[in-house]
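Please look over the sequence and the model below. The text that follows goes through two helices and a pocket.

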Amino acid sequence: MRAAVLHEIGQDKLEVLDDVEAVGFGPGKVKIRVRATGLCHSDVSAMNGVLPQPAPFIPGHEGAGEIIDVGDGVSGLSQGDRVLVCWLPACGQCPACKRGQSQLCLAGFMNAGTPNFKRPGGDVFGFAGTGTFTEEVVVDAGCAVPIPDDVPFDIAALIGCGVTTGLGAAINTADVRAGSSVAVIGCGGVGISAIQGARLKGAAQIVAVDPVASRREAALRFGATEAVSPDELADAKQRITAGEGFDYVFEVVGKSATARTAYETTRRGGTLVVVGAGAMDDNLQLNMFELFFDEKKILPSMYGGGDVLQSYERAIALWKAGRIDLESMITHRVPLSEINEALDQMRTGVALRTCIEI
């Protein structure tokens, strides 16, 4: 079957090959025919080594498709079911799950170290234990979440990561208060979803911050009340908050420099929400006095900061009701054979989300 493979960490191009096989099928597993997958910035971060991932590997974790085989012991799933791929399934048994923090369950991460593909030359890993830049993938049954028949595969794929992460950051993690002021730094797919979440929660001012003009223009269509470049943020802070700072600031880039800017842009007593996934050696510096004196809350948000299955259902319900716009987030579509074009679209910032149609 065809799949897009990264041979070594640090390479910036994927090779689309037709000699890849999905392996590992058996009890507790399902095999999925991937129909659509989104390109998330985390895929690029794994390719360049910012996020840890063994290589060679197949990127992709934001996918949807149809189940083509079900292993022994799997209940609630059948051949032909339409599903989205959950890259962080909850085991239901660990302390995090029992506390109601299933987004912190580590069971899914354990899969990242087990190859789920192979080529004549040896084993191939799937990013985050999945790897959706391929025609077929074998995953734990918990990674396959049924979707209604009237939810298209491209929309379901978005909900599988970017939409759930951004919406959840605003709704679950920050619990944005109506009438508040918000700034979102980084307006790709996740940032746009955070903007939509803040709008749903009734934020009065939502300032989108991004260096790419097309993304700033898009943010206004999705609910931002103003969009500025990074060098205009200080002026926006002064004009909108009289210099005090925003009630909520979302950092959706994953770099210490932007996190520090986000901290400084947050008002005293306000909330900084860290959504971007960054490198383990990129340290954010804060001094002990400012931590104490400013009383700013720093809230990391992992996968939307809530139960992902409930978050999926909420996103689908909001989309069906017309409360959030997911179709317009897909600005580009390419076949798997043009995956490197999709990577260029992300790196240059021209795409909010590119859908790879398989």
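**Two helices and a pocket**

The buried residues of helix 12 are covered by, among others, strand 1 (3-5), strand 2 (15-17), helix 1 (41-47), helix 7, strand 18 (330-335) and strand 19 (353-357). This is a predicted model. The residues in question are Ile339, Ala342, Leu343, Gln345 and Met346, which are buried in helix 12. Viewed along the axis of helix 12, these buried residues lie within an arc of 160°, so they line one face of the helix. After helix 12 comes Gly349, with a positive phi near 85°.

Helix 7, named above as part of that cover, can be described in the same terms. Helix 7 spans residues 213-221, and its buried residues are Arg215, Arg216, Ala218 and Ala219. They sit on the same side of helix 7 because the arc they cover around the axis is only 160°. Against them pack helix 6 (189-200), strand 13 (205-209), strand 14 (226-228) and helix 12 (339-348). Helix 12 is thus among the partners of the buried residues of helix 7, and helix 7 is among the elements covering those of helix 12. Gly223 follows helix 7 and has a positive phi, near 125°.

The last feature is a pocket. The second largest pocket holds about 180 Å³ of space. It is lined by 13 residues, of which Gly254, Ser256, Gly278, Ala279 and Asp282 are the closest to its centre. By character, the lining of the second largest pocket consists of five nonpolar, five polar and three charged residues.

Key. Residues numbered from 1 in each chain as written. Predicted model: local features only at pLDDT ≥ 70, side-chain atom pairs only at ≥ 80, totals over all residues. Heavy atoms only, no water. 1 Å grid on protein atoms, 1.4 Å probe; cavity = no way out; pocket = protein on both sides within 12 Å on 5 of 7 lines; lining within 4 Å. Points joined across faces, edges and corners; volume = space filled by probe spheres on them. Nonpolar A, V, L, I, M, F, W, Y, C, P; charged D, E, K, R; others polar. Buried < 20%, exposed > 50% of the residue type's maximum accessible area, 1.4 Å probe, protein only. Helix = DSSP H or I, 4+ residues; strand = E, 2+ residues; numbered from the N terminus. Arc of directions from axis to C-beta. Contact = heavy atoms within 4.5 Å.
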